[in-house]
Amino acid sequence: MIGSLAIVAPALAGLLPAAAAVAASAQTVSERNITPLACLFFGPTVSPWWLSKCKAHLDLVVIDLRSAAEYAESHIPGSFSLPFEPVSAWSQMGPGDLLLEMPPSADVFASLSAIGVSNPDPATKIVLVNGVGVPAFPQAASPRVATTLKYAGISEGRVSVLDGGFPGWTSENLPTTTVVPTPVPRTYTATEDRSFLVNIDYVAANINKKNQGIYLIDGRDEAVYNGSVLEDWALKAGHIPSAVSLPAKHIWNADGSWKSPLELLAQLRGAVGYGVSRSYGKIIVYCGVGGYASSWYFVLTRILGFDNVVMYDGSAQEWSRHYDMEL
Ligand SMILES: *[C@@H]1O[C@H](CO)[C@@H](O)[C@H](O)[C@H]1NC(C)=O
C-alpha cells in the first residue's frame, strides 16, 4: 500500500522536491499516523485508515462504484452504492452509439443530490471506492468517475479515491456491513465543465506535433497499441497517428493500490521524454472508449500536477470510424 503517500501526495504535488515523496512513501501508514491534522489533507487518494478515522469529522460522502451485488454482500459502513457501468448514473451511450460518454450533467446533479452531496455550502467531499481486478477496469472506475464529477462541476480538490479500493479496506481489517444507509437528500447543482474534453477535430488538428510539445498518450495495453490485438469497439488495429504508448494498467500495483508519484512520473517520462512538461506543450489522453484515458487524466492532473492535459473521450472507437490508425 502507498497509504502514507495518499495523505501526503496532495501537499507534495508540485510543491516539494521529489525526494520528499520518496521519504514519505517509505513510511507505513497505520492508525497512529492519522492525526487530526492529517484529516485536513484531502488529496487525490486517501488511505483506508485515513477514511476510517476522518470520515466522522468531515462533510464527506463515500460512493461505492462496485456492482450492486458486490455492495449488497459487504461494503464500508455508511457508503452509498452508485455502480459504475457503461450505462449508469455516470455514463451513457453517445451519438452514433459511442460507449462511455458523459451523461447529461443534470442527471449527475440528481444522483449526487439524492445521496446527500451538497454544493456549494457546505461543500461535501467525496471518496470513491472501486473494486480490484485484472484487467484493471475496476481500478479505472474511480478515476473515470472523478472525471465525470469534474465535468459535473465539482472542483477537483473535493474528490478523492480510496487507495487499494474495497480490498484495501478489508486488508486492513476495517469494519464492513450489509446495512444500507438512508441518505439525507441535499442539493447539488453546478455549471458543467467541458473545458478539458476535446473532440475528433481537435485531435486531427494536433497529431504529428511532438516538435511543438503536443503529445497523444494511448492508455490501452501494449498489444492493442501496436495492433497485434484488435478490441471490439475499434474498427481498425493500431493507434492514432503519432501517439505514444502508456498503458494505464501499470498505474496500479498488483493489489490495486496506486503506484507512487515518482513511479508514475518515471512512466510518463519513459513515454514522452522531456518533450512536454507542466509549463510547456500539451498532452491529449485517449484509449479504447475513454476509461483508461481518465486514469491517466487523473494521474497527470491530480497526482503529478499537470494542468495542460485534455481528454479525447471518443477515443479509438470514434477515431477508427473516420481516420486511419497507425501501426
Ligand atoms: C505487440 O505487443 C505485444 C505485447 O507487448 C508483444 O508481445 C508483441 O510482440 C508486439 N507486436 C509487435 C508487432 O510489435
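Where is the place of Ser 315? Ser 315 sits in helix H12, residues 315-322. Helices here are DSSP runs of H or I with at least four residues, strands are DSSP runs of E with at least two, and both are numbered from the N terminus.

This is a predicted model, in which local features need pLDDT of at least 70, side-chain atom pairs count only at pLDDT 80 or more, and totals for chains, interfaces and linings use all residues. Residues are numbered from 1 along each chain as its sequence is written, and side-chain values use heavy atoms, with hydrogens and water left out.

## Annotated spans

The UniProt record, an unreviewed entry, places the feature "domain: Rhodanese" at residues 59-178 and 210-327. UniProt positions are given in the numbering used here, feature names are shortened, and annotations may be inferred rather than shown by experiment. In residues 59-178, the end C-alpha atoms lie 22 Å apart. That span is 32% helix and 19% strand. In residues 210-327, the end C-alpha atoms lie 18 Å apart. Here the content is 31% helix and 14% strand.

## Helix H5 and its cover

Helix H5 covers residues 105-114. Its buried residues are Ser 105, Val 108, Phe 109, Ser 111, Leu 112 and Ser 113. Buried means under 20% relative accessible area, exposed means over 50%, and partly exposed lies in between (1.4 Å probe, protein chains only). What covers these buried residues? The cover includes strand E2 (60-64), strand E6 (125-129) and helix H6 (137-151). After H5 comes Gly 116, with a positive phi near 90 degrees.

## Backbone points

Most residues other than glycine have a negative phi, and most peptide bonds are trans. Ser 315 has a positive phi, near 50 degrees. Ser 242 also has a positive phi, near 75 degrees. Ser 242 lies in the loop between helix H9 (222-225) and strand E10 (244-245). The peptide bond from Val 134 to Pro 135 is cis, with omega near -5 degrees. Pro 135 is in the loop between E6 and H6.

## Buried residues

The table gives relative accessible areas for some buried residues.

| Residue | Place | Relative accessible area |
|---|---|---|
| Ser 142 | helix H6 | 0% |
| Leu 162 | strand E7 (residues 159-162) | 0% |
| Asn 206 | loop between helix H8 (200-204) and strand E9 (214-218) | 11% |
| Ser 242 | loop between H9 and E10 | 12% |
| Ser 74 | loop between helix H4 (68-73) and strand E3 (80-81) | 18% |

Ser 315 is buried too, because its relative accessible area is 0%.

Which residues does Ser 142 touch, not counting residues up to four places away in sequence? They are Leu 65, Leu 128, Val 129, Asn 130 and Val 161. Contact means heavy atoms within 4.5 Å. The Ser 142 side chain also makes a polar contact with the side chain of Asn 130, at 2.7 Å. A polar contact is a pair of N or O atoms within 3.5 Å; within protein, one must be able to donate a hydrogen and the other to accept it, and residues adjacent in sequence count only if both atoms are side-chain atoms. Ser 142 and Ser 88 are 54 residues apart along the chain, and their C-alpha atoms are separated by 14 Å.

Leu 162 has contacts beyond its neighbours within four places in sequence, among them Val 46, Pro 48, Ile 76, Val 127 and Trp 169. Leu 162 and Glu 73 are 89 residues apart along the chain, with 19 Å between their C-alpha atoms.

Ser 74 touches Arg 66, Phe 166, Thr 176 and Thr 177, with residues up to four places away in sequence not counted.

Asn 206 touches Ile 214 and Ile 284, on that basis of not counting residues up to four places away in sequence. A polar atom of the Asn 206 side chain lies 2.8 Å from the backbone oxygen of Tyr 202. Asn 206 and Tyr 225 are 19 residues apart in sequence and 19 Å apart in space, C-alpha to C-alpha.

## Around the ligand

Which residues are around the ligand? They are Glu 222, Ala 223, Asn 226 and Ser 228. A residue is near a molecule or strand if one of its heavy atoms lies within 4 Å of it. A polar side-chain atom of Asn 226 lies 2.3 Å from an oxygen atom of the ligand. Taken alone, the ligand exposes 370 Å², and the protein buries 32% of that. Accessible areas come from the Shrake-Rupley method with a 1.4 Å probe; for residues, only the protein chains shown count as cover.
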